[in-house]
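The exercises below ask you to read a two-chain structure piece by piece, with a worked solution after each task. Please try every task on the structure before you read its solution.

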Amino acid sequence: MKKKMIKRITGIAAIAMSAAIFAGCSTAKTTSQGNDQTGSTVKIGVNMELSGAAAGYGNQMKQGIQMATKEINSKGGVNVNGKKKKIKLIIKDNKTSTSTSASVAAQLANNDKVNAIIGTATTNAGTAAIPNETKAKVPALSPSATDPNFTLQKNGKAQPYVFRACYQNNFQGGTAAKFMTNNLKAKRVAILGDNSTDYGTGLAKSFKKQFTGKVVDTQYFSAGDKDFNAILTSFKNKKVDAIYAPGYYSEIGLIIKQARQIGMNVPIVGSDGMADAKLVQIAGAKNASNIYYTTPFSKTVAEKNPTAVKFMKAYKARYHADAPTFSALAYDSTYMIKQAIESQKSANSVKITKGLTQIKNFDGVTGKITIDSHHDASKPIAVEHLNNGKVVGSTQIK
Amino acid sequence: MTTVFQQLINGLSLGSIYALLALGYTMVYGIIKLINFAHGDIYMLGAFWGYYTINFWHFNFIFALLSAMVVCAAAGVVIEYFAYRPLRHAPRITALITAIGVSYFLENGMSYLYGADTRNFPQVIKQVNYDLWGVRVSNIQILILVTACLLMVLLQLIIKKTKMGRAMRAVSVDPDAAELVGININRTISFTFALGSSMAGAAGVLIGLYYNSIDPLMGMTPGIKAFVAAVVGGIGSVPGASLGGFLIGLLETAVQSLGFSAYKDAAVYLVLIIILLVLPAGIFGKNVKEKV
């Protein structure tokens, strides 16, 4: 009896599943012209890492997106060809998994019929989502996927429906290399990169390629590692002038702390993944001296930028903390989509894509953004300098 | 030469944490033949408990450490009662899968309740560095090493000298016979979980203080490595787990100092494979033939 039941249930499940698959097919066919805006809202899907390894970044981005949306809606919404339409966010968690990210993209584009997607935080998850976004002709704007190839097809042309709001690695790694040669006069450099993300390995590689001095040693760690004493002790033994450490604040903070504790006071240079108030909390204010990082969004630069000042105040009022880079990038992403809709006078997903390619000198929190032919965001870059846990200066690098 | 000694210190402080964690694995396995994959997450709970009590109740370090041990012991007993006890007579694989489920539950539950962000652990003890012939040792490294060794000795005493310890050993040899001579099996198993979990709780607070960074997923990798340490030392053997922990810590440090940092986890798992092939019972493990 029991066995029969189970058989019946599996049978029903199989039928239901195949029905779901076919349903997926039929909806995919009807979207040949992209998703039109319907009703009184513009639907923006958020394909984000809200749990799993990159959840820390994903949740910060969610905050940035929600804040921007609330601001836009409180002013009546997005101006679609003369009519104000409110933004409706459909937020889905991709669990920092490539397969979930692909299915989240399909759900957003085919079932929820969103007009644009913001996401993902990481390059890996973002790349997995590209085929579904392209098939549905819905643009995806990633606030933080930095791999140079993320927005490119195999033939070197831009992916038609994929954009990013951040730098790509070659630019940021090259800037760090120039800064270390010209400003720090470092000749012997060790690289300590995060190899669990394309971000860390990509930056390490591009830095190595563009640095003119000697790279004494290249070592890798993975996200979640806590002990760097062994690597740092061997760096100390090799008498390096400086360390280049591309990665995120959670590990770089520990690297700074442990380097200073074993008596290594050389400059540590990193990337925009470090630009977070948590870095100093983890490293300890006293240890966070002689620290540099390349960043689009810096407190000192932001003080001169009215858009950023407004953003930082609003963020602090809402979340009672200093705004992290990821929230700023996600906030900009939301406004870039708004601009694309308003310039095209339509919220059809194909039109938004066209609008995104035409963004020029967009006045964002993270600087003046122009989308180039590779769908990369080009914007000014600065190197921030930390001393005793405080930002004491920033250098513009050309 | 000083570099070698420096790396030795690095390896020992890392190893003492693995050793504390490995003890929990080995005791639970010894008594109910269950690999408790949720053990690494108990360690995370200990770290979070330390974080909250020090930040909000202004506990000092000793008090935070002891209270974390008590709370984690309670957590271990509760997990055993609800998740493993109903499965005591089920096939072993069922309990194993349940353990993985409990592990996910704790990790994601904590992420949901407190956010997945990394937090900085309050530095209740000011770090002081000592320079000994060019080798740098911090007071926190010494504290970790001493606390870990003290706890291991204490544990050994409990197992060897107390009545409860004798009961634990009896149950691990033959639960049915132990029950026949009047040992309360349920209470003994609960006690084992409490002991193992309290070690993990202590490790959590120590690690928080040492690295100054905790997050809900912090127990994952150390948990697996401590499991390897327990297998290397001979799963079921308490001195074996301590030795295994130190060996794994030293191995990881050695691999990194030789410049293969990207492969440090791989090296640990390679050792697991080799041990399982060459010396399946581990260093201190006894080869017991199972009668079928």
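**Exercise 1.** Locate Lys137(A) in the predicted model, and decide whether Lys137(A) is buried, partly exposed or exposed.

*Solution.* Begin with the position along the chain: Lys137(A) belongs to the loop that runs between α4 and β5 of chain A. Next, look at the backbone, where phi of Lys137(A) is near 55 degrees, a positive value in a residue that is not glycine. Finally, count the surroundings: 18 C-beta neighbours lie inside 10 Å, and a residue is called buried at 20 or more and exposed at 12 or fewer, so Lys137(A) counts as partly exposed.

**Exercise 2.** Work out in what order the strands of the open six-stranded sheet of chain A are arranged, and which strands stand at its edges.

*Solution.* Following the sheet from one side to the other gives the order β2-β3-β1-β4-β5-β6 in chain A, and the pairing is mixed. The edge positions belong to β2 (78-80) and β6 (162-164) of chain A; each has a single partner strand, so one side of each is left without a neighbour in the sheet. From one strand to the next, the twist averages 30 degrees.

At the β6 edge, β5 (residues 140-142) of chain A pairs with β6(A) in the parallel sense over three bridges, and Ser142(A) has Arg164(A) of β6(A) as its bridge partner.

**Exercise 3.** Identify which strands helix α4 (residues 123-136) of chain A touches where it packs on this sheet, and then examine the peptide bond from Gly119(A) to Thr120(A).

*Solution.* Helix α4(A) packs on the sheet by touching β1, β4, β5 and β6 of chain A, and its direction makes about 165 degrees with that of β5(A). The loop between β4 and α4 of chain A contains Thr120(A), and the peptide bond that leads from Gly119(A) to Thr120(A) is cis, with omega near 0 degrees.

**Exercise 4.** Describe how β15 (residues 382-387) and β16 (residues 390-396) of chain A are paired and connected.

*Solution.* The two strands run in the antiparallel sense and are joined by six bridges. One place to check the register is Asn387(A), which stands opposite Lys390(A) of β16(A). The connection makes a hairpin with two residues between the strands, and Asn388(A), in the turn, has a positive phi of about 50 degrees.

**Exercise 5.** Test whether the length of helix α9 (residues 220-233) of chain B agrees or disagrees with the expected span, and find out what its buried residues pack against.

*Solution.* For its 14 residues, a rise of 1.5 Å a residue predicts a span of 20 Å, and the end C-alpha atoms are 20 Å apart, so the two values agree. The helix is mostly covered, since eleven of its 14 residues are buried; among them are Phe227(B), Val228(B), Val231(B) and Val232(B). These buried residues of α9(B) pack against α1 (2-32), α2 (39-56), α10 (238-257) and α11 (264-278) of chain B. Just beyond the helix, Gly234(B) takes a positive phi of about 105 degrees.

**Exercise 6.** Decide for His58(B) and for Ser198(B) whether each is buried or exposed.

*Solution.* His58(B) sits in the loop between α2 and α3 (61-84) of chain B and has a positive phi of about 55 degrees, although His58(B) is not a glycine. With 11 other C-beta atoms within 10 Å, His58(B) is exposed.

Ser198(B) lies in helix α8 (residues 185-211) of chain B, and with 27 other C-beta atoms within 10 Å it is buried. If neighbours within four places in sequence are left aside, the contacts of Ser198(B) are Met69(B), Cys72(B) and Ala73(B).

**Exercise 7.** Establish how many residues of each chain take part in the contact between chain A and chain B, and which element supplies the largest share on the side of chain A.

*Solution.* The contact involves 29 residues of chain A and 27 residues of chain B. On the side of chain A, at least two residues each come from α2, β8 (214-221), α7 (229-237), α8 (249-261) and α9 (277-283), and the largest share, six residues, comes from α7(A). Sorted by class, the residues on this side of chain A are eight nonpolar, 16 polar and five charged.

Note on methods
Residues numbered from 1 in each chain as written. Chains lettered and ligands numbered in written order. Predicted model: local features only at pLDDT ≥ 70, side-chain atom pairs only at ≥ 80, totals over all residues. Pairing = 2+ DSSP bridges. Helix = DSSP H or I, 4+ residues; strand = E, 2+ residues; numbered from the N terminus. Axes fitted to C-alpha atoms, helices over the stretch in contact; angles between N-to-C directions. Contact = placed C-beta atoms within 7 Å. Expected span 1.5 Å × (residues − 1). Nonpolar A, V, L, I, M, F, W, Y, C, P; charged D, E, K, R; others polar.
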